[in-house]
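Trainee: Could you walk me through this structure slowly, since I am new to reading models like this?
Mentor: Gladly, and here it is for us to look at together.

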Number of protein chains: 2
Amino acid sequence: MERIPILKMGSFLLVTIQVDMHDQLALALQDDLTSRVVSDRATGVLIDISALDIVDSFIGRMLGNIAGMARILDAETIVVGMRPSVAITLVELGLSLPGIRTALNVDRGMELLRSARNGETGDDGRQIG
Amino acid sequence: MERIPILKMGSFLLVTIQVDMHDQLALALQDDLTSRVVSDRATGVLIDISALDIVDSFIGRMLGNIAGMARILDAETIVVGMRPSVAITLVELGLSLPGIRTALNVDRGMELLRSARNGETGDDGRQIG
């Protein structure tokens, strides 16, 4: 299984990272995700990392890259499900995940995405006018 | 990473199977999922198998077990994202996945779960009275 599946939920995309990331897989994920943001006209990307025991600088950079690419394509990225121990290690390592928004879980992440969109475009998430 | 993460989305649970299943992992998933159905009061379980290249009798049985357990706990299970090649192989192997409902993708699966609930309880998914 060489690719991480990307699930479409309404106008959002959900990715669950369950396997150890390596260079090739991270690149494939970035490629797939950016393509899907465009083809599915996604306005938000949720990345669940609840299965990860550790987030090192490599994963941190990958998450930052994805968030940056998605932002250019007009989609917001939210990392959800981080374990408390991961947060502790990140701060201890001096990694603050710049440019990455986080939420407790998928539900909260989706709320955040919806409210971000509503704030931009009006109170019902659609473009005004 | 010895456990498959279970994501809560509203009153549904979502599981994405990305890794090769073996006995222990399947048992752990059944345990976790039934516990979560109860603790999260979930009414539906979505299992995404879009990452699977093959569904053999072992995985078929596991999916059937999960659907059966969830049903007893008053939750509906829907398998989503099956690849066309997997469907072909399943039928050729004589495996028809009895007792398992399927949907094209997560969006359709959630629609199916919502309409199943509405059909049971009234037109807005809540218990009447």
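What follows is a chat about the chain contacts, strands, salt bridges and empty spaces of this model.

Mentor: Please keep in mind that this is a predicted model, in which local features need pLDDT of at least 70 and side-chain atom pairs count only at pLDDT 80 or more, while totals for chains, interfaces and linings use all residues. Residues are numbered from 1 along each chain as its sequence is written, chains are lettered from A and ligands numbered from 1 in the order in which they are written, and side-chain values use heavy atoms, with hydrogens and water left out.

Trainee: OK, how many residues of chain B are in contact with chain A?
Mentor: There are 18 residues of chain B in contact with 18 residues of chain A, where contact means heavy atoms within 4.5 Å. The two chains bury about 1800 Å² between them, 59% of it on carbon and sulfur atoms; buried area is the accessible area (1.4 Å probe) that two parts lose on being put together, summed over both.

Trainee: And how many salt bridges are there between chain B and chain A?
Mentor: The count between them is two, taking a salt bridge as a side-chain nitrogen of Lys or Arg within 4 Å of a carboxyl oxygen of Asp or Glu. A:Lys8 forms a salt bridge with B:Asp107, and their closest N and O atoms are 3.8 Å apart.

Trainee: What about salt bridges over all chains?
Mentor: Over all chains the count comes to 12 salt bridges. Within chain A, A:Arg117 forms one with A:Asp74, the closest N and O atoms being 3.5 Å apart. That pair links distant parts of the chain, 43 residues apart, with A:Arg117 in helix H4 (residues 106-121) and A:Asp74 in the loop between helix H2 (57-72) and strand S4 (76-80). Helices (H or I, at least four residues) and strands (E, at least two) are DSSP runs, numbered from the N terminus.

Trainee: Switching to strands, how do S1(A) and S2(A) pair?
Mentor: S1(A) and strand S2 (residues 12-16) of chain A pair in the antiparallel sense over four bridges, and two strands are said to pair if DSSP finds at least two bridges between them. The bridge partner of A:Ile6 in S2(A) is A:Val15. These strands form a hairpin with two residues between them, and A:Gly10 in the turn has a positive phi of about 60 degrees.

Trainee: And what do S1(B) and S2(B) form?
Mentor: S1(B) and S2(B) form a hairpin with two residues between them, where B:Gly10 in the turn has a positive phi of about 60 degrees. Strand S1 (residues 6-9) and strand S2 (residues 12-16) of chain B pair in the antiparallel sense over four bridges, and B:Leu7 has B:Leu14 as its bridge partner in S2(B).

Trainee: Now the empty space: how much lies in the second largest pocket?
Mentor: About 420 Å³ lies there. On a 1 Å grid over the protein atoms alone, a pocket is an open set of points with protein on both sides within 12 Å along at least five of seven lines, a cavity is a set of points where a 1.4 Å probe fits but cannot get out, and lining residues have an atom within 4 Å of a point. Grid points are joined across faces, edges and corners, and a volume is the space filled by probe spheres set on the points.

Trainee: Which residues lie nearest the centre of that second largest pocket?
Mentor: Of the 21 residues that line the second largest pocket, A:Pro5, A:Ile6, A:Arg36, B:Ser50 and B:Ala51 lie nearest its centre. S1(A) gives the largest share of this lining, three residues.
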